[in-house]
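Let's take a walk through this one together, from the overall layout down to a couple of single residues. Have the model open and follow along.

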Amino acid sequence: MALYKNGAFVDDRWRALPEGEAAPVSGHAIFPFDWWREERGAFDGSNVPLGVRVEPGADLAEIAADIKRFSVIALVFPKFGDGRAFSLARLLRERYGYEGELRAVGEVLSDQIQLMQRCGFDAFEVTDAITEKALREGRIPGVAHFYQPSERKEVPVGSRPWTRAPG
Amino acid sequence: MYRYDEFDAAFVADRVAQFSDQVRRRLAGELTEDQFRPHRLMNGVYLQLHAYMLRIAVPYGTLAPRQMRKLAFIAREFDKGYGHFTTRQNLQFNWPALKDVPAILGHLAEVEMHAIQTSGNCIRNVTADHFAGAAADEIEDPRPYAEILRQWSSIHPEFTFLPRKFKLALTGAPRDRAAIQTHDIGYHVTRNAKGETGFVVYAGGGQGRTPMVAHKIREFVPVEELVAYTQAIVRVYNLDGRRDNKYKARIKILVHEMGLEKFKAAVEAEFAAMKPDELKLPQAEVERIRAYFAPPKLPPKPARSEALEARKAADGKFASFVEHNVTAHKTAGHGVVTISLKAIGAIPGDATAEQMEAVADLAETYGHDEIRVSHEQNLVLPHVALDDLPTVYDALAKHGLATANIGLISDIICCPGLDYCALATARSIPVAQRISEHFGEGARAKEIGAMKIKISGCINACGHHHVGHIGILGLERKGVETYQVTLGGSGDETCSIGDITGPGFSEQDIVGAIDTIVDTYVANRRDVSEDFLTAYRRLGMAPFKKALYERDTGADI
């Protein structure tokens with residue numbers, strides 16, 4: 001598994017915390033959604049870096065009050081064809097004003113990465129060897145003309161309301 | 001019609017390059033078939049029984065002659081010389097080789113066409129009334145709005161992996177010719193009390209194995225909120241639609257299981273919480289797009305055409321063509337001409353390269369460069385001067401395109417069925433052909449009057465059998481094809497799902513069963529002005545059931 005962020009593979013300082021395990025004092029643990037809801041009280045007043053892992057189907061409203069508290073939110077793609085995390089990502093960016101790392105985990109494939117970026121993801125846990133190779137070679141398949149506003153920095157093209165080009 | 005600017009052209013070129021690379025990676029083994037499938041589908045490529053099938057988008061069914069010529073060229077060069085117009089106003093080629101697909105997409109791009117999102121679990125080609133911009137009963141041409149939705153939904157990053165396919169349809173006239181209530185979202189153009197344009201919103205319609213008529217979820221969405229409201233609906237669906245069972249994954253099941261009121265509340269809550277202005281549709285953009293759809297400047301003409309009347313008086317076949325295939329135009333002295341792709345005994349929706357070129361010629365010479373594809377699998381010349389009809393008719397007749405049967409019993413919608421389709425459980429084309437031959441286009445067909453027969457070769461209902469006045473569903477029982485019949489379905493503004501008559505009929509008996517249904521209708525109707533659907537809604541199933549299943553029981557007594 002390799003973490004791709006800001007155009008490069010980087011060391012991952014974060015650890016996925018198993019259900020039931022206490023978080024390390026130094027933080028940098030990504031809590032399972034339900035485990036976080038049980039443990040949140042332990043972090044009142046603490047400023048250690050925390051993360052949460054959100055499975056598709058989770059109700060973001062249940063952690064609404066904590067969202068800005070997290071440094072990492074990992075959204076799960078159980079299969080690449082399960083597109084719920086695309087909507088969850090946009091909700092986190094648009095509705096909840098989340099500005100921390102938004103990490104795609106699960107089945108992350110090169111052809112989905114541009115879509116993920118446009119929905120607000122900025123970090124990708126890659127397990128697929130071919131995807132990793134493509135990213136190492138700087139290849140992210142996609143298009144360079146978009147018909148919708150997105151969560152990414154893009155530049156408007158012409159006078160049409162939502163035409164965009166990569167920023 | 002809409003013309004690409006540099007941005008649109010560059011987008012399609014990007015997409016062709018992207019898909020060519022995906023094909024290359026698939027052939028190199030870098031993508032598994034599982035990983036490749038969604039990309040191939042979202043670019044219109046299906047794996048069928050005998051070969052790949054390429055489905056090309058005809059947005060809201062509008063085609064220019066040069067585009068039709070290109071389709072003819074592709075039919076000749078890469079297929080077997082014909083194409084198949086579908087119930088979603090698209091065109092399918094049944095025999096392309098996968099290696100040729102990138103080249104075909106390149107040819108299409110030259111005439112501002114593509115196959116993007118004609119399949120896959122995404123927002124599909126947006127359809128609209130095939131008489132849009134021409135019909136006398138229209139409030140407003142819905143195509144500018146369809147084009148706006150088409151653009152916005154193209155490679156939408158959030159909505160490319162939905163639970164299942166998602167179909168939008170729009171209509172701009174009180175008479176719904178676009179079957180909007182059988183779509184995931186249907187928009188019906190309306191005006192509010194202040195005279196402002198907006199849309200009545202329907203959601204949750206669909207056919208397939210669980211047919212449902214869409215629910216009205218809002219009385220009025222103003223034009224400026226069209227895209228935002230669409231996003232709200234699709235987002236609720238993307239998050240909450242079922243993904244555990246592909247047969248329960250359409251939005252109709254979500255609406256059904258959530259309950260209408262809860263679903264409406266979820267959409268309204270999402271809509272209310274959206275960033276207020278991001279997707280607000282600027283009036284200037286609506287006007288800019290609308291300009292592309294400006295009606296042609298039709299010369300003023302008297303409502304009555306002497307040339308037309310003279311030919312009608314002299315030629316009964318021509319008179320019949322005018323009666324059945326020509327619809328009132330909003331401009332006096334003009335007509336909307338429907339070209340039947342249902343010649344008696346032919347395969348519904350098929351057109352040869354020569355026929356495509358003949359239609360392109362006519363559109364150029366007599367039709368202000370416009371062609372439409374109808375969801376009923378016919379072609380339309382929307383703007384023809386009545387004075388030109390005799391010439392147009394003669395040219396159509398020369399190419400086997402002058403069958404005078406629009407709206408009659410032989411104007412059958414039919415899916416490709418087991419002759420082509422990997423999903424089919426029975427053949428549908430031969431059944432359509434036999435019914436067509438049985439009733440013909442003569443006196444009997446006229447006596448029967450308005451009748452929509454729709455045939456599907458499997459439960460997925462691509463032939464729209466649920467909303468046929470008479471629907472036929474081909475199934476397989478113990479290795480034998482059997483045909484289930486439904487009555488009283490309708491896809492128009494009075495949308496309803498047909499009722500099953502009872503046990504199915506064998507391939508041999510199905511035409512006889514249709515004959516019995518038709519005879520029962522003719523015998524029981526109030527008079528000739530009461531069409532089949534109206535009569536069925538009055539009479540109910542009983543007389544038809546009796547005629548179909550009890551007719552032989554007297555013999556033994």
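Which domains does the domain assignment give for chain B? Keep in mind that we're looking at a predicted model. The assignment splits chain B into domain 1 (6-110), domain 2 (135-290), domain 3 (306-398) and domain 4 (414-556).

Let's look at how domain 1 of chain B meets domain 4 of chain B. Their C-alpha centres sit 34 Å apart, and the contact draws on 10 residues from domain 1 and 9 residues from domain 4. Together the two bury about 740 Å², with carbon and sulfur atoms giving 56% of that area. On the domain 1 side, B:Gln48, B:Leu49 and B:Thr87 supply 55% of the area buried against domain 4, more than any other three residues. That side has 4 nonpolar, 6 polar and no charged residues. You'll find 0 salt bridges between these two domains, but there are 2 residue pairs in polar contact.

Now zoom in on B:Asn43, in the loop between helix H2 (33-42) and strand S1 (45-47). B:Asn43 counts as buried because its relative accessibility is 3%, under the 20% cut-off. Its side chain reaches the backbone oxygen of B:His39 at 2.8 Å. Beyond its sequence neighbours within four places, B:Asn43 contacts B:Arg15, B:Phe19, B:Gln22, B:Leu54, B:Ala115 and B:Ile116.

Over in strand S19 (residues 480-487) you'll meet B:Thr482, also buried, with a relative accessible area of 15%. The side chain of B:Thr482 reaches the backbone oxygen of B:Phe505 at 3.5 Å. B:Arg427 is 55 residues away from B:Thr482 in sequence, yet their C-alpha atoms are 9.7 Å apart.

How values were computed
Residues are numbered from 1 along each chain as its sequence is written. Chains are lettered from A and ligands numbered from 1 in the order in which they are written. This is a predicted model: local features need pLDDT of at least 70, side-chain atom pairs count only at pLDDT 80 or more; totals for chains, interfaces and linings use all residues. Side-chain values use heavy atoms; hydrogens and water are left out. Helices (H or I, at least four residues) and strands (E, at least two) are DSSP runs, numbered from the N terminus. Buried means under 20% relative accessible area, exposed over 50%, partly exposed in between (1.4 Å probe, protein chains only). A polar contact is a pair of N or O atoms within 3.5 Å; within protein, one must be able to donate a hydrogen and the other to accept it, and residues adjacent in sequence count only if both atoms are side-chain atoms. Contact means heavy atoms within 4.5 Å. Domain bounds come from an automatic or database domain assignment. Buried area is the accessible area (1.4 Å probe) that two parts lose on being put together, summed over both. A salt bridge is a side-chain nitrogen of Lys or Arg within 4 Å of a carboxyl oxygen of Asp or Glu. Ala, Val, Leu, Ile, Met, Phe, Trp, Tyr, Cys and Pro count as nonpolar, Asp, Glu, Lys and Arg as charged, and the others, Gly among them, as polar.
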